[in-house]
Amino acid sequence: ILPHKQELASALFKNIPVGTVSWGGIQLEEREVTTLMKDGMPYLVNRKLAWEEDMENCEEHGHLSWADPSKVSPRALHRGTTQVGTMGAGNHYCEVQVVDEIFDNEAARVMGISEVGQVCVMLHSGSRGLGHQVCTDYLVKVEHELSRLPFHLNDRQLACARINSPVGRDYLGAMAAAANFAFCNRSIMASRARSAFEQVMKKSPEEMDMHVIYDVCHNIAKFEEHTVDGQTKRLLVHRKGATRGFPPGHPDIPQRYREIGQPVLIGGSMGTFSYVLTGTQKAMEESFGSTCHGAGRELSRSEATRNFRSVDVRAEMAARGIVVKAGNNSLLAEEARGAYKNVTQVVETCHKAGISKLCFRLRPVVVVKG
C-alpha cells in the first residue's frame, strides 16, 4: 500500500466524516435511532449494513440487552440521527497500520495476522454527540441525588448514584443504549473504511481480507460475575479509560478466541505504535478482567498547544513516512505524541504485571484525525 498512502488517506478522509460535525453519517429517523439503540449491531446486520461476522467479533456481540432508549433524552436522540458512521474529534482516529513485530505467533495467527508487514486498519470512536448528551443529562440528575448519599465527594466529576435508585437504573439503561449506538457507529466506520480501500486498491474487501479482529469498549459499566474472597459475585464493573481483557476459555468471548483469550486493542497516541494483546486469567484475579486502553495524556490540551506547533507535528510525522489528514489542523498540536505517555512502556507494564499478554505491534503509515 505504500505507493497509495496519499490516495488512501484522501479516500478515508472523504468516506468517514470527521470533527464535531452533526452531519455526514447515515441519515436516520428518530424512530430508527431508537431501534438501533435497542438492538445494537443486529440492527445493521439485518439491514445488510454490516457483515454478520463483524457482530460476532464484537464485545457483547455488539448488543447490550438492558439498553432502554426511553431513558435517552429527545435532544440526545436527535443528535444521533446524523452521526452513525462518523469519527468525531479529540483523540478519535482512523489509522492505516503495518504489523511491525509479532510477539505471540499462535495468537496472532488465530486473529488472521501471519507476517510482519501485514496491513491493518484501527478505528477509535464512540457514541458521538448522542453519548455525550446522555452523560450531560444524567450528570445534572445525579447531582440532585448527591444530597441523599451518606458521603461527600471531593470532585463533582465523581458524581454517582446508587445502582438500584431510580436515576441509577435509568442511567444504566440510557448508557447501554448509547453503547449500542457506539457499536453501530464503529461498524459503519469500518464499512466506510472497506469502501475506501476498495476504491483505491481496486479489490473487494473480501479479497483484501478486511475482516474485523475485534471491537472493544473502554468507557462503559457492565454487570459481570467475578470471584471476590472466594465467592462468585455479580458486580457492576466500571471501565473508564480501561479495556476488558477476558482470559482463554471465558464464555463471553467469541468461540474463535476461546483458546487464546480476548483480543485487547491498545491504540497509541498519534503517530506512535499501537498494540494488540490478549486477556489473561491473572487479570480476572487481579483487575476484574481489565487492562489499560492506551497511553493516557501527560499534558492537558492547553499545555500541549503551548508546547507544540501543528506545523511541526505534521512535518515530524511526514519525516517518518506518515501521511496525516486532519479536519482541524490545530488538533495536531493537542494530539502530539509528546502530550501522551509512552504507550510502549504502558503496554509492557501491563504485560509484565500479567493482566494482558503482548501479541503484536502496529506502526502507523496513514493517520486520519478529526
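In this predicted model, a salt bridge joins the side chains of Glu 60 and Lys 222, with an N to O distance of 2.8 Å. Glu 60 sits in the loop between α4 (52-56) and α5 (74-79) while Lys 222 belongs to strand β3, so the contact ties together parts that are 162 residues apart in sequence. The two partners differ in exposure: Glu 60 is partly exposed at 24% relative accessibility, whereas Lys 222 is buried at 1%.

**Other salt bridges**

Side chains of opposite charge can pair when their charged atoms come close. Across the whole structure, a search finds 20 salt bridges. Another of them brings together the side chains of Arg 301 and Glu 335, at 2.6 Å from N to O. This pair also links distant parts of the chain, since Arg 301 lies in helix α10 (residues 301-307) and Glu 335 in the loop between α12 (331-334) and α13 (343-353), 34 residues apart. Arg 301 is partly exposed, with a relative accessible area of 30%, while Glu 335 is buried at 1%.

Arg 301 and Glu 335 are also members of a network of salt bridges that includes Arg 297, Glu 334 and Lys 369.

A further salt bridge is formed by the side chains of Arg 309 and Asp 312, with 2.9 Å between N and O. Here Arg 309 is exposed, having a relative accessible area of 55%, and Asp 312 is partly exposed at 40%.

The three pairs described above are set out below.

| Basic residue | Acidic residue | N to O distance |
|---|---|---|
| Lys 222 | Glu 60 | 2.8 Å |
| Arg 301 | Glu 335 | 2.6 Å |
| Arg 309 | Asp 312 | 2.9 Å |

**Strands β3 and β4**

Lys 222, the buried partner of Glu 60, lies in strand β3. Strand β3 (residues 219-228) runs antiparallel to strand β4 (residues 231-240), and 10 bridges join the two. At one point in this pairing, Asn 219 stands opposite Lys 240 of β4. The hairpin made by β3 and β4 has two residues between the strands, and Asp 229 takes a positive phi near 55° there.

**Helix α8**

Helix α8 covers residues 166-201, which is 36 residues. From its first C-alpha to its last, α8 reaches 53 Å, close to the 52 Å expected at 1.5 Å a residue. Of the 36 residues of α8, 27 are buried, so the helix is largely enclosed by the rest of the structure. Just after α8 comes Lys 202, which takes a positive phi of about 60°.

**Cysteines**

A disulfide is a covalent bond between the sulfur atoms of two cysteines. The structure holds zero disulfides. Cys 292 is in no disulfide, and its nearest cysteine sulfur, that of Cys 350, is 3.6 Å away. The cut-off for a disulfide is a sulfur pair within 2.5 Å, so the distance of 3.6 Å from Cys 292 to Cys 350 does not qualify. Cys 292 is buried, with a relative accessible area of 13%.

For Cys 359, the closest cysteine sulfur is in Cys 120, at 11 Å, which is too far for a bond. Cys 359 is buried as well, with a relative accessible area of 0%.

Technical notes: Residues are numbered from 1 along each chain as its sequence is written. This is a predicted model: local features need pLDDT of at least 70, side-chain atom pairs count only at pLDDT 80 or more; totals for chains, interfaces and linings use all residues. Side-chain values use heavy atoms; hydrogens and water are left out. Buried means under 20% relative accessible area, exposed over 50%, partly exposed in between (1.4 Å probe, protein chains only). Two strands pair if DSSP finds at least two bridges between them. Helices (H or I, at least four residues) and strands (E, at least two) are DSSP runs, numbered from the N terminus. The expected span of a helix is 1.5 Å times one less than its number of residues. A salt bridge is a side-chain nitrogen of Lys or Arg within 4 Å of a carboxyl oxygen of Asp or Glu.
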